Amino acid sequence: MMNIPLSITTTIHDWLFSIMPEGAATITEWVLIAVAYLALFAVAGLYLVLLERKVAAWFQFRLGPNRVGPWGIFQTIADALKLVSKEIYSNQKVDKFLFNLAPYFVIVASLMAMAVFPFSKQFQGFDINIGVFFLFAVSSIGVIGLLVGGWASNNKYSLIGAMRSGLQTISYELSVGLSILTMVLLTGTLQLSEIIEVQRTGGWLIFQGHIPAVIAFMIFMIAGTAETNRAPFDLVEAESELGAGFHTEYSGMQFAYFFLAEFINMFIIASIAVVLFFGGWLSPFGITEGITWFPEVLWFVIKVFMIILLMMWFRWTFPRLRVDQLLTLEWKYLLPINMVNLVLMAVIIWLNFTL
Amino acid sequence: MEQLTNNKIKTEEYFINMGPQHPAAHGVLRLLLTIDGEIIKNVDPDLGYIHRSIEKMCERDSYQQIVHLTDRMDYLSSHINNGAVCLAVEKALQLEVTDRVKVIRTIFDELTRIASHLLWWGVMGMDLGALTTYFYAFRDREMINDIFEETCGARLTMNYYIPGGLMFDLHPNFVNRVKKFLVDIKEHLPEYDRLLTGNVIFQKRTKGIGMLSKEDAISYGVTGPVARGSGVHCDVRKTHPYHAYDRVNFEEALLPEGDTFSRYKVRIKEMWESISIVEQLIDNIPEGDIKVPTKAVIKLPKGEFYQRVETARGELGVYINSTGTKNPYRLKFRSPGFSNLSVLNHISKGGKIGDLVAIMASFDFVIPDIDR
């Protein structure tokens, strides 16, 4: 049997090159890939919103959206259509240029991160040898958007939200980075596809690295939740304190960009966790190893959704931290633990204690 | 460190409006905040956004009608508010209501208190960012509302008590449904404890926040669970028993710490006490008339009359100054929310914005009660 995803892409590739000159075909391919990713981006974002609303409903004895289409599956699409058709409104004294620029920072940062995702062996936009580093670098651009948006809104609530997002993201980026580094130490490579291949023989990294890997995973989940500004770290939006935080003044599609980016960022964090700890597209215990036609992307998506469900579980059960507690947690607990953990991992690798 | 900040970096206090439309205000309370970064320097409550001059309207209305206005003050303890006016009028007329009325009023008051505290619990979680608590609390509050609806036909503005007794007799299902509710709530309250009370983030957010000393609580005239959270013995049900409170056994929830968490614990404990009061009374509601006949137009004797009751938020006082006509010459409500609000600036200074939200949640403000 042949590999279905691979055969689709090769067919399109061959067909494009057969009907047009080489340069034009390449450019067309680039555009096609970009469009495919954009579509994926929008669909993933929209359906994560729906999933979140459904999960919230399950937690709270509600039904959740159930009017638009069966089980409300078209609800978020209807919401998106409404947001697209809405007037983009801003108050008079905003800094027009920065105000309009801010949502793009956020959305572009999330979109760029998606390029290096190893959905499956054949389905990865851009397999660079510094994949982890790239992901990490690009995902930190988003915070500029939040800061700029909060500042340009000319609203004190937005400003407080933006300052909070700045200090939160900058602090927790350290923990995310260090916990990723712990795992990179184990794999010895920054390339995402290779990190996954390492796990084909030795088992998932969370088992290979046992104690330090589990600690790294827990820190990564905490810091990752904080970096996506989700509860219990949603101080940036903290609706009971700041109204809506940095995006108080945004409306229509600009608001939708912030909103979608939050969900895509959650997807990104979950994906990094899956790649670094749970074997990416690899099946558990290699149960679909021999089946060549089996779409490996399915495993990737299933694992990502498990992690996302975990993050949603956090959100709907935990209260929110206070801003100084947020910083205490990072600088006094997570960061020192993380550094010790990094050394521990190095020692374990040096003594060959990995499983 | 502070020296360095003062010398090197120029900081500036700024002013921000929290409300009248703000998610944490639960109504139209406007707080004028002076903030330095995140630190609160001054809180200045600005009232009047929902002032309906209820006290002035009372001077126009007959005593039966006044009862109906009191629902609109603290709408979460409407039975208790109704009871305050009824008791004041009965006191003035020297009217002794039947035992059946007293017991039913006590049960209704306590169910109201549970409903009010449940809503507060849900909203407290929501203010601190745990959105799920709200729906859990509403599930149980809904059961109480259904019980009320069956007997008196209303879910929020009850108007069940009238001077001299009750509007209608109990619904035949009442006793069974209350018993079923008691079973459910006793199962659910420990669940809620596991969801929120034990949560480490919740405890960090509330312990040691908004310290209110016993002396301050007394001097600011703070009453209700807020004062009892600071160790002030002030439960009107204990100090000046009314209805049938003198014949039930219950403990006054008193905790000495005076922080947000102790106010939280006091309310949780009060719910348990209310459950025990209802349990003691539900099986032996005496037979008898549900109202003592009064004249169609009630005229109070000349003089001043005062009645205090314990609502879910604290002490509600009704002062009636009568000149012997069918309307009061002056009617004054001493509402618990207003005095409790006065202490807000004192205890939230120096905290963060997040602390202010937690403190406000622990005070359980109902704005129409503050403004009237």
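Here is a walk through a predicted model of a two-chain complex, taking chain A, then a sheet in chain B, then the contact between the chains.

Let's start with how far the predictor trusts its own work. For the complex as a whole, it reports an ipTM of 0.79 and a pTM of 0.85. Chain A comes out with an average pLDDT of 82, and 96% of its residues score at least 70. For chain B the average is 86, with 97% of the residues at 70 or above. Within chain A, the mean pLDDT is lowest for helix α11 (residues 239–242), at 73, and highest for helix α14 (residues 323–350), at 88. It's worth keeping one general habit in mind here: where pLDDT is low, the predicted coordinates should not be read in detail.

Now for chain A itself. If you go looking for strands there, you won't find any: the chain has 14 helices and zero strands. Reading along the sequence, you simply pass from one α to the next. The domain assignment splits chain A into domain 1 (1–85) and domain 2 (90–350). The centres of these two domains of chain A, taken over C-alpha atoms, are 21 Å apart.

What about the overall dimensions of chain A? Its C-alpha trace spans about 60 × 60 × 45 Å along the principal axes. A compact globule of 355 residues would have a radius of gyration near 20 Å, so the 21 Å of chain A agrees with that expectation.

Over in chain B, have a look at an open sheet of three strands. The order is β6-β7-β8, and the pairing is antiparallel. Strands β6 (303–310) and β8 (328–334) of chain B are at the edges with a single partner strand each, which means that one side of each has no neighbour in the sheet. From one strand to the next, the twist averages 10 degrees.

You can follow this sheet pair by pair. β6(B) and β7(B) are joined by eight bridges, and Gln307(B) sits opposite Val318(B) of β7(B). The hairpin made by β6(B) and β7(B) has four residues between the strands, and Gly314(B) takes a positive phi there, near 145 degrees.

On to the next pair. Strand β7 (residues 315–322) of chain B is linked to β8(B) by six bridges. Val318(B) turns up again here, with Phe333(B) as its bridge partner in β8(B). Tyr319(B), for its part, stands opposite Lys332(B) of β8(B). This hairpin has five residues between β7(B) and β8(B), and Gly324(B) in the turn has a positive phi of about 95 degrees.

The sheet also has a helix lying across part of it. Helix α4 (residues 78–93) of chain B lies across β6 and β7 of chain B, and runs at about 145 degrees to β6(B).

Finally, where do the two chains meet? The contact takes 22 residues from chain A and 27 residues from chain B. On the chain B side, the elements giving two or more residues are β1 (14–18), α5 (99–127), α6 (132–152), α8 (200–206) and α15 (353–363). Sorted by class, that side of chain B has 14 nonpolar, six polar and seven charged residues.

Conventions
Residues are numbered from 1 along each chain as its sequence is written. Chains are lettered from A and ligands numbered from 1 in the order in which they are written. This is a predicted model: local features need pLDDT of at least 70, side-chain atom pairs count only at pLDDT 80 or more; totals for chains, interfaces and linings use all residues. Domain bounds come from an automatic or database domain assignment. Two strands pair if DSSP finds at least two bridges between them. Axes are lines fitted to C-alpha atoms, for helices over the stretch in contact, and angles run from 0 to 180 degrees between N-to-C directions. Two residues are in contact if their C-beta atoms, placed from the backbone, lie within 7 Å. pLDDT is the predictor's confidence in each residue, from 0 to 100. Ala, Val, Leu, Ile, Met, Phe, Trp, Tyr, Cys and Pro count as nonpolar, Asp, Glu, Lys and Arg as charged, and the others, Gly among them, as polar. The radius of gyration is taken over C-alpha atoms; the globule rule is 2.2 Å times the number of residues to the power 0.38.
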